[in-house]
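Here are some short exercises to work through at your own pace. Keep the sequence and the model side by side as you go.

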Amino acid sequence: MPGVPNAAFARQVERAGFSAVYVSGAGLANATAGVPDIGLLTLTEVAQLAGYIAKAVKIPALVDADTGFGGAESVARTIFELERAGLAGCHIEDQEFPKRCGHLAGKTLVPAEEMAEKIKAAVRARRDSDFVIMARTDARAVESFDDAVKRALLYVEAGADAIFPEALQDATEFKAFAREVRVPLLANMTEFGKSPLLSFKELEEIGYRMVIFPMSAFRVAMKATDEFFRALKEEGTQSAWVEKMQTRKELYELLDYDPAAESWPGYETEENVQRPTSNAQRRTSET
């Protein structure tokens with residue numbers, strides 16, 4: 001699952017043939033608000049931004065829900081809002097707030113039992129049985145590999161559908177974790193971190209069913225735009241870059257937009273969509 005910070009990137013992921021897309025928490029924070037990935041976006045902001053992504057594609061979208069935006073009661077609301085926004089699942093981590101990037105030093109963890117209560121609350125709040133509730137543990141970098149396994153097994157017992165072991169340090173650890181934790185596992189192949197960059201095939205062979213590349217596309221884009229802005233400032237023209245640009249036609253094709261048509265089938269306005277008018281109707285519609 002390539003990671004994306006917005007809906008346009010998600011459409012590119014879908015067009016490239018991937019079967020699912022990952023909504024990066026770091027991507028949303030960095031690209032949208034220009035802030036570091038330390039839990040500064042609210043649940044309302046994440047649900048809205050991730051909802052744009054989920055609605056723009058037909059493939060499932062998994063979103064980073066950080067620490068669940070609070071205690072067990074807040075986690076329950078998080079699941080409600082993310083389901084309503086159209087997400088296919090989320091992962092919640094066992095860090096204390098404010099969280100840090102999983103591959104940086106200085107992280108602290110909540111007690112394992114407190115995290116287990118969050119998972120239980122998430123499962124109770126779930127209305128769609130297909131909504132994936134994933135538990136992420138950062139224990140490998142803070143405590144030990146064995147503690148990461150123990151926490152993961154506790155979270156599975158609490159009802160987690162899948163486990164995300166963050167910052168495993170070599171292929172041997174990835175393999176050992178898969179032997180110990182027998183549920184669907186997610187591997188994070190982020191660059192410049194603690195984990196080796198293993199291929200999807202390698203990870204699949206040792207037991208991983210999901211692999212995310214959370215910031216890869218964002219980093220490529222940022223590097224390119226940084227070079228472009230420097231060149232534009234120096235040269236005063238974009239002419240040398242035109243061949244490297246996505247054309248207007250290519251953008252419209254990506255957005256399923258035909259400017260010659262009377263209407264755009266991919267866009268729903270308040271006027272052309274019938275909305276439920278009461279809470280009862282809304283619940284029935286959502287069901």
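**Exercise 1.** In which loop is Gln95 found?

*Solution.* Start with the ground rules: this is a predicted model, where local features need pLDDT of at least 70, side-chain atom pairs count only at pLDDT 80 or more, and totals for chains, interfaces and linings use all residues. Residues are numbered from 1 along each chain as its sequence is written, and side-chain values use heavy atoms, leaving out hydrogens and water. Now look between strand S4 (89–93) and helix H5 (112–125): Gln95 lies in that loop. Helices (H or I, at least four residues) and strands (E, at least two) are DSSP runs, numbered from the N terminus.

**Exercise 2.** Decide whether Gln95 is buried or exposed, then find its side-chain partners.

*Solution.* First, the relative accessible area of Gln95 is 1%. Buried means under 20% and exposed over 50%, with partly exposed in between (1.4 Å probe, protein chains only), so Gln95 is buried. Next, its side chain makes a polar contact of 3.2 Å with the side chain of Glu93, and another of 3.2 Å with that of Asp138. A polar contact here is a pair of N or O atoms within 3.5 Å; within protein, one must be able to donate a hydrogen and the other to accept it, and residues adjacent in sequence count only if both atoms are side-chain atoms.

**Exercise 3.** List the residues of H5 and H7 that meet.

*Solution.* On the H5 side, take Ala112, Glu113, Met115, Ala116, Ile119, Lys120 and Val123. In H7 (residues 145–158), they meet Arg151, Leu154, Tyr155 and Ala158, where contact means heavy atoms within 4.5 Å.

Note on methods:
Axes are lines fitted to C-alpha atoms, for helices over the stretch in contact, and angles run from 0 to 180 degrees between N-to-C directions.
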